[in-house]
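Subject: A structure for you to look at

Hi there,

Here is the structure I promised to pass on. Have a look at it first, and then read my notes below.

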Amino acid sequence: MANVNVRKLVKSFGDATVLRGIDVDVRDGEFLSLVGPSGCGKSTLLRMIAGLEPISAGDIVIDGKVVNGLAAKDRDIAMVFQNYALYPHMTVRENMSFALEMRGLSKAEIAASVASAAAILGLEALLDRYPRQMSGGQQQRVAMGRAIVRDPKVFLFDEPLSNLDAKLRVQMRTEIKDLHARLGSTIIYVTHDQLEAMTMADRIVVMRAGVIEQIGTPLDLYDRPGNSFVGSFIGSPAMNLVRCTVAGGDTGPVCVTAGNQILARLPVTKQVAAGATVDVGIRPEDLEVGASGPHAQVVVVEPTGPETQVTASLDGQIVRLVVKGRSSLNRGDKISLRTDSEKLHIFDAETGTRI
């Protein structure tokens with residue numbers, strides 16, 4: 001396995017710059033996920049690491065060696081694509097063997113590598129099938145097997161689960177995480193699904209508009225987002241962001257909504273001048289229906305079984321809360337909201353920076 005170091009990486013297409021000085025270090029054996037909205041540059045970054053896109057400026061270092069000028073085949077990496085990219089006229093065995101044959105390995109070495117990868121992924125009974133004879137999940141396993149047999153320094157995954165149904169995505173998430181634990185491999189994994197990144201990665205890189213907004217462990221990003229974008233992107237349902245004005249109160253500064261309701265007392269650790277405009281971040285699970293508090297009106301009630309997700313309008317702003325178990329709330333009901341001031345996240349309304 002190997003470290004991957006990206007230094008001041010820039011990518012431009014003509015006058016359009018899509019990556020703006022990216023710096024990130026991937027540790028040996030780490031599972032690092034790149035997340036962000038469509039068009040943020042995460043897949044472009046992955047393709048540059050793979051050698052499939054030329055570099056406009058900066059360096060990519062794999063295992064201590066600058067690889068800017070190396071062709072993809074010489075970088076000792078393996079990539080798993082979103083669309084599987086299997087050869088339709090080849091069986092599973094032939095798909096997994098092809099790269100090893102190109103390297104000139106003996107038939108015995110190829111057979112041993114394919115058998116080992118097939119055992120890891122549960123493909124032994126499928127080795128003589130063609131891609132058209134398999135489900136999407138099985139095809140994705142073959143794509144992973146084709147990468148594993150190469151025994152690369154780094155595995156690159158480009159949204160590999162996006163074509164699968166919801167149940168199969170959950171299963172494949174577990175399988176990929178288990179595979180990483182067994183192989184101890186270095187993995188860089190691109191996804192637009194932040195829940196995928198949260199459940200699988202050791203660390204997450206959150207990107208927006210060609211720059212890195214924050215890097216951290218899943219719980220670091222969840223508990224202490226560096227700005228309102230990261231706060232609202234990480235977590236499902238997403239963090240509520242309520243625009244408020246800071247005002248003086250009997251027990252200290254409070255956050256006041258557009259409807260002149262006191263949302264919550266400002267945490268004592270937050271030093272914000274009276275009159276300042278802030279975005280108050282509240283996780284849906286930290287917002288409750290209480291006996292008193294700012295009034296809101298229920299818009300949508302979504303039962304999921306173990307909990308109920310409620311969407312409400314608070315002075316014209318949409319907020320979501322998670323109610324444990326079943327709820328008797330209905331559309332149009334008036335409710336009062338309650339939250340713990342120590343669980344609030346306060347962001348500057350203009351810059352989005354955490355206060």
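A209 is exposed, because its relative accessible area is 52% and the cut-off for exposed is over 50%. Please keep in mind that this is a predicted model. You will find A209 in the loop between β9 (203-208) and β10 (211-216). Its backbone is worth a look too: phi of A209 is near 50 degrees, a positive value in a residue that is not glycine. Why point that out? Because most residues other than glycine have a negative phi.

N260 is another case of this kind. This residue is not a glycine either, yet it has a positive phi of about 65 degrees. N260 sits in the loop between β12 (254-256) and β13 (262-265), and with a relative accessibility of 66% it counts as exposed.

While you are looking at the backbone, go to the peptide bond from S236 to P237. Is that bond cis or trans? It is cis, with omega near 0 degrees. As a rule, most peptide bonds are trans. P237 belongs to the loop between α8 and β11 (240-247).

Next, the aromatic rings. A pair of rings is described by two values, the distance of the centres and the angle of the planes. How many aromatic pairs does the structure hold? There are four. One of them is formed by F31 and Y189, with 5.5 Å from centre to centre and 40 degrees between the planes, and it is tilted. F31 lies in strand β3 (residues 31-35) and Y189 in strand β8 (residues 186-190), so this pair ties together parts that are 158 residues apart in sequence. Both rings belong to buried residues: the relative accessible area is 0% for F31 and 1% for Y189.

F229 and F233 make another pair. Their ring centres are 5.7 Å apart and their planes are at 25 degrees, so this pair is stacked, as planes under 30 degrees apart count as stacked. The two residues are four apart in helix α8 (residues 228-233), which means that about one helical turn separates them. F229 and F233 are both buried.

There is also a cluster to find: ring pairs link F31, F157 and Y189.

Some rings have a charged partner as well. R132 lies over the face of Y130, at 4.8 Å from the ring centre. In a similar way, the charged end of R283 sits over the ring of Y222, 3.9 Å from its centre.

Now for two helices. Such a packed pair is described by the angle between the axes and the distance between them. The axes of helix α4 (residues 136-148) and helix α5 (residues 166-183) come within 11 Å and cross at roughly 20 degrees. Angles under 35 degrees count as roughly parallel, and α4 and α5 are therefore roughly parallel to each other. Their crossing is right-handed.

Finally, a word on the record. UniProt, in an unreviewed entry, places the feature "domain: ABC transporter" at residues 4-234. Over residues 4-234, the chain is 37% helix and 26% strand, and the C-alpha atoms at the two ends are 24 Å apart.

Have fun exploring, and write back with any questions.

Best wishes

Terms used
Residues are numbered from 1 along each chain as its sequence is written. This is a predicted model: local features need pLDDT of at least 70, side-chain atom pairs count only at pLDDT 80 or more; totals for chains, interfaces and linings use all residues. Side-chain values use heavy atoms; hydrogens and water are left out. Rings of Phe, Tyr and Trp (its six-membered ring) pair if their centres lie within 6.5 Å; planes under 30 degrees apart count as stacked, over 60 as edge-to-face and the rest as tilted. Buried means under 20% relative accessible area, exposed over 50%, partly exposed in between (1.4 Å probe, protein chains only). A charge sits over a ring if NZ of Lys or CZ of Arg is within 6 Å of the ring centre and within 35 degrees of the ring normal. UniProt positions are given in the numbering used here, feature names are shortened, and annotations may be inferred rather than shown by experiment. Axes are lines fitted to C-alpha atoms, for helices over the stretch in contact, and angles run from 0 to 180 degrees between N-to-C directions. Angles under 35 degrees count as roughly parallel, over 145 as roughly antiparallel, 65 to 115 as roughly perpendicular and the rest as oblique. A crossing is left-handed if the near helix is turned anticlockwise from the far one by less than a right angle, and right-handed if clockwise.
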